[in-house]
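Student: Could we go through this model together? I would like to see how each label follows from its cut-off.

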Amino acid sequence: MKLNTLLVTCTLTLTAACGGKPTPVNTAVIADNAKPNIIMIVIDDLGWSDVGYNQTTDYFETPNIDALAQQGLRFDQAYAGAANCAPSRSVLMSGQYGPRHGVYTVSPSDRGNTKTRKLIPIKNKRGLTTDVITIGESLKTAGYATGSFGKWHIGVDPDEQGFDVNVGGSHQGMTFHYFSPYQLPNIEDGPKGEYLTERLTTEVIDWVKSSKDQPFFAYVPYYTVHTPYQAVVDKVNKYHEKGIKSKREATYAAMVEHMDDNVGRIFDMLDSEGLANNTVVIFTSDNGGYRMSSFPTPLRGGKGSYYDGGLRVPLIVRWPEKIKPGLDHTPVINADFYPTLVNLTKSKQPNQVLDGVDLTAHLLGQQDIAERDLFWHFPIYLQAHHAKTDQGQDPLFRTRPGSAIRSGDWKLIQYFENDEYELYNLANDLAEQNNLAVQQPQKVAQLKAKLQAWQQQIGADIPTKLNPEYDAKVNQQLIREQLLKPHK
């Protein structure tokens with residue numbers, strides 16, 4: 001006998017035996033439905049402007065995501081917990097800022113020319129240790145079936161960190177083959193030429209159909225739209241015909257469309273299975289995308305940068321008849337997902353600090369989030385991807401060691417090498433072009449004090465040891481050479 005049926009039968013029998021009126025048949029079902037299903041879709045390296053509803057061109061075609069944006073609450077100031085893959089996913093899955101788990105980058109932390117690195121960076125951990133309680137482990141305490149479909153990249157396999165089912169997830173941070181044979185751990189190759197995004201979607205759909213008799217949490221971290229850029233030829237040609245000359249950029253647009261097609265398949269399945277109304281859908285990205293000339297963005301920087309282009313991500317949350325659709329300007333961060341899902345699912349509170357805040361009352365329109373500050377810590381070096389388009393502090397690195405705070409409309413970035421600061425008012429300067437640190441010394445002092453207090457409170461490791469191989473003259477010479485190179 002199914003659990004729902006058993007609960008209803010017992011309730012009816014006991015009530016009748018006591019001489020009362022029969023309990024309505026849907027009482028236990030309503031109680032059970034108070035625990036919504038969760039589908040969390042995390043796209044890899046999808047930029048803030050790389051979705052149709054938020055793009056600055058008309059190239060991207062994402063009708064399913066655009067429809068979701070109309071049906072759900074879309075946040076235009078949502079942030080990743082870090083600017084690249086593993087650290088952002090570690091913040092999301094642990095609910096903790098980087099200094100608590102020590103995942104700061106995709107190893108190693110000393111990337112770039114050693115003669116241009118003034119400090120010896122903090123060593124990076126390659127993933128979450130098994131003593132960190134993940135979202136999956138917490139939701140299992142409330143009776144949830146848990147499945148992970150796609151990229152894991154934060155330690156041991158997800159089936160050792162709270163997930164009943166793992167398709168395609170491992171320590172590996174990318175696929176080298178979007179077309180089968182995939183040569184990926186934990187997923188069998190499909191027919192030759194099968195596309196990975198489509199295959200993972202089929203796995204999600206089949207698992208949800210088999211798990212729908214109990215509440216479920218489907219974590220869907222697609223490998224797409226991360227490199228290598230590979231897509232169906234017909235889709236690539238379509239974007240060439242739309243005016244994109246670069247094969248790389250046309251292929252990227254095709255991958256975005258293919259991703260949207262498959263996200264739409266999940267939505268169609270929820271409708272056909274009668275699950276849509278009791279399923280919370282979260283759609284987001286793990287960090288900013290690589291900058292490309294065909295897709296201009298108002299944000300500065302991209303993946304790996306602690307300007308908003310590396311941190312700000314699309315975010316939509318849909319729960320029909322529970323969450324009112326609309327546009328929300330509240331700054332949120334992916335560390336907020338953990339406490340929110342624990343509350344929504346009535347899971348046991350984990351025995352660990354959660355740095356995010358519970359968004360439940362805000363999502364349901366009951367109470368605004370109290371104003372709070374957001375933090376990032378990156379005591380590492382990440383070399384330039386493409387110096388001219390990276391828009392970094394200097395052309396040699398996307399990231400030099402530092403920390404950052406967003407407080408209200410203000411953002412302060414601290415660089416540890418020379419104790420330098422950049423101050424931006426995001427309300428007036430979305431592109432972070434006008435550094436106000438000299439003009440606003442009092443605001444710098446205020447935010448610096450907040451940032452230092454947070455660093456001390458959380459025990460953030462700050463690099464102070466000098467790199468004996470650093471050569472200031474070489475550093476400046478290489479910077480000059482990059483600045484003089486013609487833009488391609």
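Student: Which residue stands opposite Gly402 in S13?

Tutor: That is Phe378. A friendly reminder before we go on: this is a predicted model.

Student: What makes S10 and strand S13 (residues 402-407) a pair?

Tutor: Pairing needs at least two bridges between the strands. Five bridges join S10 to S13, and the two run antiparallel, so the pair meets that definition.

Student: Why are strand S10 (374-378) and strand S15 (420-425) called edge strands?

Tutor: The sheet is open, with four strands in the order S10-S13-S14-S15 and antiparallel pairing. S10 and S15 each pair on one side only, which is what the name "edge" refers to. Neighbouring strands of this sheet are turned by 10 degrees against each other on average, direction ignored.

Student: Which helix lies across S10, S13, strand S14 (410-415) and S15?

Tutor: Helix H14 (residues 441-458) does, running at about 115 degrees to S13.

Student: How do you know that Glu432, in the loop between S15 and H14, is buried or exposed?

Tutor: Buried means under 20% relative accessible area. Glu432 has 0% relative accessibility, so it counts as buried. Glu432 also has a positive phi of about 50 degrees, although it is not a glycine.

Student: And what about Glu321, in the loop between strand S7 (312-318) and strand S8 (326-328): buried or exposed?

Tutor: The cut-off for exposed is over 50%. Glu321 is at 76% relative accessibility, so it counts as exposed. Its phi is near 70 degrees, again a positive value in a residue other than glycine.

Student: Why point out those phi values?

Tutor: Because most residues other than glycine have a negative phi, and most peptide bonds are trans.

Student: What makes the bond between Ser107 and Pro108 a cis peptide bond?

Tutor: Look at omega, which is about 0 degrees there. Pro108 lies in the loop between helix H5 (98-101) and helix H6 (135-140). The peptide bond from Thr224 to Val225 is cis too, with omega near 10 degrees, and Val225 lies in the loop between S5 and H8.

Student: What makes a set of residues a nonpolar core?

Tutor: Its members are buried nonpolar residues of listed types, joined through side-chain atoms within 4.5 Å. The largest such core has 55 residues, and Ile41, Leu46, Tyr252 and Phe283 have the most contacts inside it. Its largest share, 12 residues, comes from H9.

Student: Which residues does Phe283 touch?

Tutor: Among them are Ile41, Leu46, Met259 and Pro314, not counting residues up to four places away in sequence.

Note on methods
Residues are numbered from 1 along each chain as its sequence is written. This is a predicted model: local features need pLDDT of at least 70, side-chain atom pairs count only at pLDDT 80 or more; totals for chains, interfaces and linings use all residues. Side-chain values use heavy atoms; hydrogens and water are left out. Axes are lines fitted to C-alpha atoms, for helices over the stretch in contact, and angles run from 0 to 180 degrees between N-to-C directions. Contact means heavy atoms within 4.5 Å. Buried means under 20% relative accessible area, exposed over 50%, partly exposed in between (1.4 Å probe, protein chains only).
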